[in-house]
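Biologist: Hey, got a minute to walk me through this one? I'm new to it.

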There are 2 protein chains.
Amino acid sequence: MNISHAAKASGLPVKTVRYYADIGLVAPAGRTEAGYRSYDAASVRRLAFIRRAREFGFSIEESRELIGLYQNDARSSADVKKLAAKRLEQIEQKQRELQVLHDELKHLVRACRGDNRPDCPIIDYLG
Amino acid sequence: MNISHAAKASGLPVKTVRYYADIGLVAPAGRTEAGYRSYDAASVRRLAFIRRAREFGFSIEESRELIGLYQNDARSSADVKKLAAKRLEQIEQKQRELQVLHDELKHLVRACRGDNRPDCPIIDYLG
DNA sequence: CGAAACCTTCCCGTAAAAGGATAGTTAAGC
DNA sequence: GCTTAACTATCCTTTTACGGGAAGGTTTCG
């Protein structure tokens, strides 16, 4: 399977598939005589696994850990849960930060008349 | 006022103050004979304005627009409100995305036993 | 006067690719 | 069988918003 086929099958752009090969995250199954990367079902599964991990917001390095566990039959679910719980905590932290920002900014936007006069509580606040 | 003094007064790192000068966001008031950047009260106010805009999550380019309005006495509050409302929408979009992620991941983490056995709904889901 | 504490520019590295240049390879159509 | 379109390869640059550090000039303190 050539790289564009593997890309489609895994739901990733070709550039990204090549990038993942370059950084040693998902190696192609092999190379053709002409040097073209070739992928098989297993390597495509790994690509799709990474795509889903990334969609969850796991970093490349976290995804690397996860795929290590994915391919390790002797893994413990505790190890996986630990990574997921850490990511969950990151998400919750970001949510708290965004909530504060949201409330402050919403307050300012509501207080701003938004007409053609220059006085503006948003500018007042920032300045 | 030398750069480290201006940095302290504005609450920014020296590196960042230099960077803002390089990209034409906040120019120093002038240069000494030896080529040192020198800042006055007005330029420090601009630095602090940018710092607060950045803390609100406005990008550098958005901050550049905002400071343009800040320094423009003929601005309309509608222009400022437009930028702020756009940023507010970005925040709300991010909040919605994070909420979906949070709920899914939380569900998976709850369902995972987290013991020393290999079977794990998180891995199952990603794979 | 010498050393510490400034300051300058320049270049590299970050995360995670995307975009583009240039060149080699393969598949399709006629 | 030949052209050409559509692939593929590597390599380099760009993105965001700086941070780290080198090499070297300046100022200030004791």
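**Helix packing and a glutamate**

Modeller: Sure: helix 3 of chain B and helix 4 of chain B make a right-handed crossing (near helix turned clockwise from the far one by less than a right angle; helices are DSSP runs of H or I, at least four residues, numbered from the N terminus). This is a predicted model, where local features need pLDDT of at least 70, side-chain atom pairs count only at 80 or more, and totals for chains, interfaces and linings use all residues. Residues are numbered from 1 along each chain as written, chains are lettered from A and ligands numbered from 1 in written order, and side-chain values use heavy atoms, without hydrogens and water.

Biologist: What angle do helix 3 and helix 4 of chain B pack at?

Modeller: About 130°, with the axes 10 Å apart (lines fitted to C-alpha atoms over the stretch in contact, angles from 0 to 180 degrees between N-to-C directions). The two helices of chain B are therefore oblique (not under 35, over 145 or 65 to 115 degrees).

Biologist: And which angle for helix 3 and helix 4 of chain A?

Modeller: About 135°, again with axes 10 Å apart. That makes helix 3 of chain A oblique to helix 4 of chain A.

Biologist: New topic: is Glu62(A) buried or exposed?

Modeller: Buried, because its relative accessibility is 8% (the cut-off is under 20%, with a 1.4 Å probe and protein chains only).

Biologist: Where does Glu62(A) lie?

Modeller: In helix 4 of chain A, residues 60-70. Its side chain reaches the backbone nitrogen of Ser59(A) at 2.8 Å.

Methods. Buried means under 20% relative accessible area, exposed over 50%, partly exposed in between (1.4 Å probe, protein chains only). A polar contact is a pair of N or O atoms within 3.5 Å; within protein, one must be able to donate a hydrogen and the other to accept it, and residues adjacent in sequence count only if both atoms are side-chain atoms.
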